[in-house]
There are 2 protein chains.
Amino acid sequence: MEQIKKPQPNFIFQTEHWNVYLNPDQYYLGRSVVVAKRNVGSMSELKEDEWRDFAKLVKGFESAFKKAFGATMFNWTCLMNDAYKNNPPNPQVHWHFRPRYKNPVKFEGVKFEDKEFGNHYARGTNFEVPEKIFLKIIEKIKENLQR
Amino acid sequence: MEQIKKPQPNFIFQTEHWNVYLNPDQYYLGRSVVVAKRNVGSMSELKEDEWRDFAKLVKGFESAFKKAFGATMFNWTCLMNDAYKNNPPNPQVHWHFRPRYKNPVKFEGVKFEDKEFGNHYARGTNFEVPEKIFLKIIEKIKENLQR
């Protein structure tokens, strides 16, 4: 997951302990990745400060998505499977964030439709939007984040 | 998910703010569900105390699984999709916990094989073990939990 380490062009914002990036796949409008800044390989190793900061991030991020795009609810997953394809494995704690939408959303002329709403997220989705719109999604999220 | 509300027979343990149940599907040996005790519908609404307690739970639970079954790593997901099949939706914060295993594990004569290790968990698995073994899995986890 090379792209999640780059600060640009998919960087959205940071907190004290986490960086947040927009996922190149925008099948679920605003799909993002939240990555620990510290080199930490499992949820067990997260420190109290990092958890506290994460909890705050969740609250602000979910709220921003409700305001920005009318997201209905959210799927959060911490998996790290890919890192175990390597020997030795190189896990880095990160969360996949998928906003889920009861109704289709139109943003900047593009229709986003959560066809699996009420069910497990689809896998293997790869919905890339034009760069201009990708950057507008980031902008819209940032506008709605309370600092 | 009726079964996750019953304290028995799949109850494993509790902390101040969370109840932990063994999932009837044991395709991933020890697959469990961690349910908030309080009636709370989104991660955003979790209180600081609940997060702190959850972080501790994660640490103890992951450690117990390494000791009990030699689990390699863990997938944690907070989805709550099913609750949105209802109108009005009735979400209750809960985490699906899937221990993942690099190598097959034999427990009480049953072979558990994580064929997707290094990849996303399989969906639609439904590996039920005999009740006697199901209860032994719970026992084994409890033996390895540090209180």
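Start where the two chains meet: select 32 residues of chain A, and you will find them in contact with 32 residues of chain B. Keep in mind along the way that this is a predicted model. Between them, chain A and chain B bury about 2,800 Å², and 58% of that area is on carbon and sulfur atoms.

**Stop 1: the charged and polar links across the interface**

How many salt bridges does the rule find across the interface of chain A and chain B? There are two. To see a salt bridge between the chains, show the side chains of A:Glu48 and B:Arg52, which meet at 3.5 Å, N to O. Then widen the view to polar contacts: 18 residue pairs make them across the interface of chain A and chain B, with both residues at pLDDT 80 or more.

**Stop 2: the side of chain A that touches chain B**

Now colour three elements of chain A: helix H1 (48–69), strand E4 (73–78) and strand E5 (94–100). Each of them supplies at least two residues of the side that touches chain B. Which element gives the largest share of that side? Select H1(A), which contributes eight residues. If you colour this side of chain A by residue class, you get 15 nonpolar, nine polar and eight charged residues.

**Stop 3: a strand pairing between the chains**

Next, select E4(A) together with strand E4 (residues 73–78) of chain B. The two strands pair in the antiparallel sense, over three bridges. For one place to zoom in, pick A:Cys78 and look across to its bridge partner in E4(B), B:Trp76.

**Stop 4: a pair of aromatic rings**

Leave the interface theme and look at rings, since the structure holds 40 aromatic pairs over all chains. Show A:Phe69 and A:Phe107: their ring centres are 5.3 Å apart and their planes stand at 90 degrees, so this pair is edge-to-face. Zoom out a little and you can see that the pair links distant parts of the chain, with A:Phe69 in helix H1 of chain A and A:Phe107 in strand E6 (residues 105–107), 38 residues apart.

**Stop 5: a salt bridge within chain A**

Over all chains, a search of the whole structure finds 18 salt bridges. For your last selection, take A:Arg100 and A:Asp114, whose closest N and O atoms are 2.8 Å apart in a salt bridge. What does this pair tie together? A:Arg100 belongs to strand E5 of chain A, while A:Asp114 sits in the loop between strand E7 (110–112) and helix H2 (131–144), so the salt bridge ties together parts that are 14 residues apart in sequence.

Methods: Residues are numbered from 1 along each chain as its sequence is written. Chains are lettered from A and ligands numbered from 1 in the order in which they are written. This is a predicted model: local features need pLDDT of at least 70, side-chain atom pairs count only at pLDDT 80 or more; totals for chains, interfaces and linings use all residues. Side-chain values use heavy atoms; hydrogens and water are left out. Contact means heavy atoms within 4.5 Å. Buried area is the accessible area (1.4 Å probe) that two parts lose on being put together, summed over both. A salt bridge is a side-chain nitrogen of Lys or Arg within 4 Å of a carboxyl oxygen of Asp or Glu. A polar contact is a pair of N or O atoms within 3.5 Å; within protein, one must be able to donate a hydrogen and the other to accept it, and residues adjacent in sequence count only if both atoms are side-chain atoms. Helices (H or I, at least four residues) and strands (E, at least two) are DSSP runs, numbered from the N terminus. Ala, Val, Leu, Ile, Met, Phe, Trp, Tyr, Cys and Pro count as nonpolar, Asp, Glu, Lys and Arg as charged, and the others, Gly among them, as polar. Two strands pair if DSSP finds at least two bridges between them. Rings of Phe, Tyr and Trp (its six-membered ring) pair if their centres lie within 6.5 Å; planes under 30 degrees apart count as stacked, over 60 as edge-to-face and the rest as tilted.
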